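Biologist: Please give me a close look at one part of this model: the aromatic pairing. Then set that part against the rest of the chain.

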Amino acid sequence: MDLLTFALLLLVLLCILLGAGLWIAMSLAAVGYIAMVFVHPSPGLFLASSFWEATGSWTLAALPMFVWMGEILFRTKLSEELFNGLAPWVRRIPGGLLHVNILACGIFGSVSGSSAATCATVSKIALPELKRRGYDENVAVGSLATSGTLGILIPPSIIMVVYAVAAEVSIIRVFIAGCIPGLLVMLLFSAYIAIWAMLNPSKQPRAEPRMSLAGKLRASAKLIPCAVLIVVVIGTMFVGWATATEAAAFGVLGALLMAAGWRTGAVLLAADLLAWAFGVIGFSEVWPIAFFALLGLAAGESVLTWQAFLDSVKGATRLSCMIMFILAGAAFLTKAMALTGIPAALAEGVVHLNLGPYGLIAILTVVYVLLGTALDGVSMIVLTTSIVIPLVQQAGFDLVWFGIFIVLLVEIAEITPPVGFNLFVMQTMTGKEQTEVAMASLPFFLMLVLTVVLCTLFPVTLVTGLPDLLLSR
């Protein structure tokens with residue numbers, strides 16, 4: 001049997017297993033095992049070692065911590081305060097409170113790391129408020145469905161961690177590379193809303209009354225602890241003070257103290273200062289504990305119940321285990337593919353086609369958009385990494401840039417029928433048909449496509465330049 005026929009048979013087998021409803025991780029492992037049988041006498045040993053190496057990584061420890069941080073904040077009053085805190089600052093901009101959808105999704109996405117959670121949380125608060133004030137429902141629904149995807153582009157992002165582990169690149173470098181594209185997407189979304197509002201003045205509600213600067217600051221005061229937590233978690237990674245795993249642990253501690261409220265913060269601060277006064281700990285240990293205690297003090301009343309705490313642990317455990325199981329199956333398939341020589345043969349075949357770098361990217365874009373109609377983002381990444389990474393390296397692309405490229409395509413997949421997760425979320429929230437939600441999202445979909453084009457044409461300026469600048473110091 002020649003290599004091409006063997007590869008096609010494995011692909012058909014994978015499609016059959018996935019179509020039959022078998023878990024993605026088990027489907028990947030089963031196909032890998034069958035491939036390994038033909039090239040190695042002891043496939044079971046490779047299966048065990050691949051599963052252990054994929055899930056026993058210290059780098060991967062950042063994943064459940066970031067997931068848990070998002071789960072904690074998802075179950076607190078942060079989501080309720082986002083709209084009220086941001087609304088006063090955009091009242092006079094064309095489009096008004098529709099811009100809050102973009103800003104709120106960007107902020108919540110940076111702490112949750114989940115597209116669906118971001119979309120559901122902000123939509124639950126924003127949709128009733130926008131409808132009550134007379135904003136156009138289609139633009140509101142479209143902006144929320146697409147802005148929810150910012151949860152996987154603005155760091156820290158679960159998808160970015162998965163890609164970095166699968167492609168064996170620096171998590172911190174991928175996080176930093178996502179900052180400018182994330183801001184670019186937010187600016188393009190807001191620009192579209194402003195232009196649409198100026199072209200459709202009849203669909204705009206009456207302008208909101210002016211607020212004083214003091215009133216705006218009072219309304220936004222509750223967002224300060226969350227903003228500080230985001231800056232600390234991301235900033236410590238960017239300046240090299242903490243690894244991604246350490247920063248994630250700090251984020252969980254800060255989220256817990258913010259949810260626990262001022263009483264817990266006061267007790268922790270008092271204990272910290274007493275321990276320092278009696279010489280139990282030094283000043284270098286005092287200030288980090290004091291910082292987190294002050295976060296709890298600033299957050300106000302406690303919103304962390306035992307039920308909310310247990311729900312956050314359960315939610316984080318379920319999602320983390322699912323992702324790790326998929327990564328383990330993908331790791332075994334990757335090893336099996338490497339031994340069969342299929343990826344190397346594909347890379348060599350693509351080189352012989354003389355497509356050129358942009359031709360390869362165009363083909364990959366089409367492939368990922370098609371995959372996005374049937375698979376979620378994590379599955380798209382782990383299913384394709386073993387095949388695509390050698391092709392991308394052969395074409396001379398930077399793997400960090402390619403990670404952001406894939407994340408942007410996953411964003412597009414989140415709003416692509418029939419299995420766009422955010423389309424399902426908005427369908428549930430609004431009661432509209434999926435086709436209606438998809439049509440409302442179309443202009444913002446095009447803004448995402450434009451971002452992909454810009455990042456491809458200006459890779460250093462928009463993607464790889466910032467991590468190179470910050471990490472070279």
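Modeller: The count of aromatic pairs comes to 7 in this chain. One of them joins Phe397 and Trp401: their ring centres are 5.2 Å apart and their planes meet at 20°, so this pair is stacked. The label needs two values, because a pair of aromatic rings is described by the distance of the centres and the angle of the planes. The cut-off for stacking is an angle under 30 degrees, and the 20° between Phe397 and Trp401 meets it. Keep in mind that the model is predicted.

Both partners are covered. Phe397 has a relative accessibility of 18%, so it counts as buried. The limit for that label is under 20%. Trp401 has 4%, and it counts as buried too. The two rings also belong to a wider group: Phe397, Trp401, Phe402 and Phe405 form one aromatic cluster.

Now the chain around that cluster. The protein chain has 473 residues, and buried residues make up 50% of them. Its secondary structure consists of 24 helices and 0 strands. Take contacts with a separation of 6 or more: 79% of them join residues 24 or more positions apart. The accessible surface comes to about 20900 Å², and carbon and sulfur atoms hold 71% of that area.

Charged contacts come next. The count is 2 salt bridges. In one of them, Arg173 meets Asp468, with the closest N and O atoms 2.7 Å apart. Arg173 sits in helix α10 (residues 171-177) and Asp468 in helix α24 (residues 459-471), so the bridge ties together parts that are 295 residues apart in sequence. Arg173 is partly exposed at 25% relative accessible area. Asp468 is also partly exposed, at 41%.

The other bridge joins the side chains of Glu137 and Lys131, at 3.8 Å from N to O. The cut-off is within 4 Å. Glu137 is partly exposed, with a relative accessible area of 31%. Lys131 reaches 56% and counts as exposed.

Back to nonpolar side chains, this time on the surface. Tyr33, Ile34, Val37, Phe38, Val39 and Leu339 form a nonpolar patch there, and together they have about 530 Å² of accessible area. Helix α2 (residues 24-37) gives the largest share of this patch, 3 residues. Tyr33 has its place in α2. This tyrosine is partly exposed, at 37% relative accessible area. The patch rule asks for over 30%, so Tyr33 at 37% passes.

Helix α2 has a covered side to its account as well. Its buried residues are Ile24, Ala25, Ser27, Leu28, Ala29, Val31, Gly32, Ala35 and Met36. The helix has 14 residues, which should span 20 Å at 1.5 Å a residue. The end C-alpha atoms of α2 are 20 Å apart, so the two values agree.

One more patch member leads to another helix. Leu339 belongs to the patch, and helix α17 covers residues 306-340. This helix has 35 residues and reaches 51 Å from its first C-alpha to its last. That is close to the 51 Å expected at 1.5 Å a residue. Gly341 follows α17 and has a positive phi, near 85°.

To return to the part you asked about: Phe397 and Trp401 make a stacked pair, and they share one aromatic cluster with Phe402 and Phe405.

Terms used:
Residues are numbered from 1 along each chain as its sequence is written. This is a predicted model: local features need pLDDT of at least 70, side-chain atom pairs count only at pLDDT 80 or more; totals for chains, interfaces and linings use all residues. Side-chain values use heavy atoms; hydrogens and water are left out. Patches are made of residues with over 30% relative accessible area and no salt bridge: like charges are joined within 9 Å, nonpolar side chains (Val, Leu, Ile, Met, Phe, Trp, Tyr) within 5 Å. Accessible areas come from the Shrake-Rupley method with a 1.4 Å probe; for residues, only the protein chains shown count as cover. Helices (H or I, at least four residues) and strands (E, at least two) are DSSP runs, numbered from the N terminus. Buried means under 20% relative accessible area, exposed over 50%, partly exposed in between (1.4 Å probe, protein chains only). Rings of Phe, Tyr and Trp (its six-membered ring) pair if their centres lie within 6.5 Å; planes under 30 degrees apart count as stacked, over 60 as edge-to-face and the rest as tilted. The expected span of a helix is 1.5 Å times one less than its number of residues. Contact means heavy atoms within 4.5 Å.
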